[in-house]
Amino acid sequence: MNPLALVTGAGTGIGRALALRLIARGCDVLALGRRAAPLESLAAEHPGRVTTLALDVSGREAPARIVAALGERTPRFVVHNAATLEPAGPLENLDRGAFAAHLETNLAAPLFVTQALLPRLEAGARVLHISSGAAHRALAGWGPYCMSKAALHMLTQCWNAELGPRNVLVGSARPGVVDTPMQETIRGLTSEDFPDVEAFRRMKREGALLPPEDVARFLAWMLLDANAEQFAGAERDIRDADIEPLWRA
């Protein structure tokens, strides 16, 4: 039986590209996303290889629904890719309810979905958090995103401290600036909400955004090919010249 990979945010962008890459590498995929149509399109392209579950991972019922969708299967790989940038803008204008909703998606969902999956994760399983440079660098207008990704980085380390004895590894990857729907959201912000917005618009105009397919190759290498130290020893950056020859091979 093919190993099973669970991928959140699999309908578009990095998540979809990674699901396709993992299928090509011999995995079956449980594809999760908020909208059913993109997931069903993915499943139609690969009959028998993709199971879909349309849900918002931030919902309190999401972990139980995900476990139920697994049936008797055990995931070998879990990828927490779903995330939101919103709300963007100055912290002085931040709405408390919007901030709480942001944290439910970017931090609480990865935490509690993994928690619910622990009885299913066997030795050798790998859990991958999709991080960001914003976890390590403050950007005006991106306060919630920077904070949630920084907390996700610490969650990676806390899980490894607890799960290491079980040989369940938790890794973190920085995919760079990728041509995804989130980038469309960023380019649509005003300079008042995000002072650096013009730099991101320029990257799009100049073709400087990474294609999701390259990021998928990098993430698939981490999941399928990297050794334990390469996967979980530190957060891995797609721009790291030392590992680029490995994932491009």
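**A friendly note on two helices and an aromatic cluster**

1. Helix α1 passes helix α2 in a right-handed crossing, meaning that the near helix is turned clockwise from the far one by less than a right angle. This is a predicted model, in which local features need pLDDT of at least 70 and side-chain atom pairs count only at pLDDT 80 or more, while totals for chains, interfaces and linings use all residues. Residues are numbered from 1 along each chain as its sequence is written, and side-chain values use heavy atoms, leaving out hydrogens and water.

2. The axes of α1 (residues 13-24) and α2 (residues 36-45) come within 12 Å and cross at roughly 15 degrees. The two helices are therefore roughly parallel to each other (angles under 35 degrees count as such).

3. Which residues of α1 and α2 meet? From α1 come Arg16, Ala19 and Leu20, and from α2 come Pro38, Ser41, Leu42 and Glu45 (contact means heavy atoms within 4.5 Å). The residues of this contact divide into four nonpolar, one polar and two charged.

4. Now to the rings: the whole structure holds five aromatic pairs (ring centres within 6.5 Å, using the six-membered ring of Trp). One of them joins Trp142 and Phe200, 5.5 Å centre to centre and tilted, with 50 degrees between the planes; tilted covers what is neither stacked (under 30 degrees) nor edge-to-face (over 60). This pair links distant parts of the chain, 58 residues apart: Trp142 sits in the loop between β5 (126-130) and α5 (143-163), and Phe200 in helix α7 (residues 197-205).

5. Phe194 and Phe200 also form a tilted pair, 5.5 Å centre to centre with 55 degrees between the planes. Both Phe194 and Phe200 are buried (under 20% relative accessible area, with a 1.4 Å probe and protein chains only). Trp142, Tyr145, Phe194 and Phe200 form one aromatic cluster.

Note on methods:
Axes fitted to C-alpha atoms, helices over the stretch in contact; angles between N-to-C directions. Helix = DSSP H or I, 4+ residues; strand = E, 2+ residues; numbered from the N terminus. Parallel < 35°, antiparallel > 145°, perpendicular 65-115°, else oblique. Nonpolar A, V, L, I, M, F, W, Y, C, P; charged D, E, K, R; others polar. Buried < 20%, exposed > 50% of the residue type's maximum accessible area, 1.4 Å probe, protein only.
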